[in-house]
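Trainee: Could we go through this structure together before I set anything up? I'd like to start with the metal site and then look at the pockets.

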Amino acid sequence: DTAMYAAKRAGRGRYELFTAELDTRARDTELRQAIDDGNLVVLYQPAVDLSTGHVVAVEALVRWRHAERGLLAPSEFIDLAEETGAIVPLGEWVLREACREAARWRDAVPDTDHLRLSVNLSPKQVQQATLVETIRNILRETGFPADRLVLELTETVILEPDAHIVARLESLRDLGISIAVDDFGTGYSALSYLRRLPVDILKIDRSFVTGIADDPQARTVAEAVVRLGMAFRMNVVAEGIETADQARILAAMGCGFGQGFHFCEPVHGSTAAQALRRTFRGVLTDE
Ligand code: C2E
Ligand code: MG
Ligand code: MG
Ligand code: MG
């Protein structure tokens, strides 16, 4: 996937030009066309148990395979999609595709029953009255088990949740689905929402992980966040682990799980399937 990042860099200059030339509506049309034409692709990033290095989950991360601009990261189109509402069909497509692919791995790869699939949901999706029905249908269609599915929501969704949203999340939970708070710590957290909402997993934002190996204050903050998750009996996942040192420090703090380039970048489905039974390096050693 080095090629992917090179393609992304090479495309940036052209993209800026592109953005200036086309209005939102034209870009929206193009994105919706890409969804219909099958020009989106889902990559998967493993999350590992920090004490064993075993894969416990994979997170689905969307890309847009653009004819002229190469493989585009979400930062190049998710905001637009959120603004225009295209995120609703996009998110539904990602969920269906990821459930279908992960259901296949469960059949094809031995000892993968425990693995979870994590999918990001946008604020707009959570506002849809049809959300629960849509997800129920996708699970039925793909045969992916509800109790292996995790839905990741950012803090902004749940900071001031209205009663409808809370009810929706509770219905999803009743189906057996787990709810994760993504990028935890980056919002204006009035932490009380953690008590009021059906949340199972905290994903600590990468910004709290970055400095922990060299900066004692960063380490103190990270530890407080890990402790907070533990106090609420949530599974705590650290995002953006890039070094063995960071992995070791987080494990020593009691952080159960981790995700990051140190273990594995987001990869195509076929590569992800091969990685599912691997033990990842650098949890306890530097190899
Ligand atoms: P996220 O859900 O917090 O996903 C983690 C992001 O961090 C991913 O970026 C991933 O590639 C990147 N990452 C993982 N490990 C490392 C690391 O060690 N170092 C660094 N520097 N970065 C790391 P990506 O794939 O570009 O996605 C960015 C964001 O776009 C996601 O953040 C998520 O909020 C959003 N997104 C991605 N796919 C979807 C989707 O299907 N639906 C929605 N609504 N949002 C999505
Ligand atoms: Mg996420
Ligand atoms: Mg995140
Ligand atoms: Mg993040």
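Trainee: Is D183 buried, partly exposed or exposed?

Mentor: In this predicted model, D183 counts as partly exposed, because its relative accessibility is 23% and the buried class ends at 20%.

Trainee: And what about D182, buried or exposed?

Mentor: D182 counts as buried, since its relative accessibility is 5%, which is under the 20% cut-off.

Trainee: Which protein donors does the magnesium ion (ligand 3) have?

Mentor: They are D182 and D183, each through OD, and E239, which is listed twice through OE, with the donors lying 1.9 to 2.5 Å from the magnesium ion (ligand 3). Along the sequence, the spacing of these donor residues reads D-D-x55-E.

Trainee: Which residue bridges the magnesium ion (ligand 3) and the magnesium ion (ligand 2), and how far apart do they lie?

Mentor: D182 is the bridging residue, and the two ions lie 3.8 Å apart.

Trainee: Switching to pockets, what volume does the largest one have?

Mentor: The volume of the largest pocket is about 1,100 Å³. It is lined by 37 residues, of which E59, L61, P74, N120 and D182 are the closest to its centre, so the D182 that bridges the two magnesium ions turns up here as well.

Trainee: Which element gives the largest share of that lining?

Mentor: That is β2, with five residues of the lining of the largest pocket; the elements that each supply at least two residues include α1 (2–21), α4 (87–108) and β6 (178–184). By class, the lining of the largest pocket divides into 15 nonpolar, eleven polar and eleven charged residues.

Trainee: How about the second largest pocket, what is its volume?

Mentor: The second largest pocket comes to about 240 Å³, and among its 17 lining residues the closest to the centre are V56, A57, R116, I201 and V237. Here too β2 provides the largest share, with four residues, while strands such as β7 (201–204) and β8 (235–238) each supply at least two. The lining of the second largest pocket holds nine nonpolar, four polar and four charged residues.

Trainee: Last topic, how many disulfides are there?

Mentor: A search of the whole structure turns up zero. In the case of C255, the nearest cysteine sulfur belongs to C264 and is 18 Å away, whereas a disulfide would need the sulfur atoms within 2.5 Å.

Trainee: Are C255 and C99 buried or exposed?

Mentor: C255 is buried, with a relative accessible area of 3%, and C99 is also buried, with a value of 1%.

Key: Residues are numbered from 1 along each chain as its sequence is written. Chains are lettered from A and ligands numbered from 1 in the order in which they are written. This is a predicted model: local features need pLDDT of at least 70, side-chain atom pairs count only at pLDDT 80 or more; totals for chains, interfaces and linings use all residues. Side-chain values use heavy atoms; hydrogens and water are left out. Donors are N, O and S atoms within 2.8 Å of the metal (3.2 Å for Na, K and Ca); water is not among the atoms, so sites may look incomplete. Buried means under 20% relative accessible area, exposed over 50%, partly exposed in between (1.4 Å probe, protein chains only). On a 1 Å grid over the protein atoms alone, a cavity is a set of points where a 1.4 Å probe fits but cannot get out, and a pocket is an open set with protein on both sides within 12 Å along at least five of seven lines; lining residues have an atom within 4 Å of a point. Grid points are joined across faces, edges and corners, and a volume is the space filled by probe spheres set on the points. Ala, Val, Leu, Ile, Met, Phe, Trp, Tyr, Cys and Pro count as nonpolar, Asp, Glu, Lys and Arg as charged, and the others, Gly among them, as polar.
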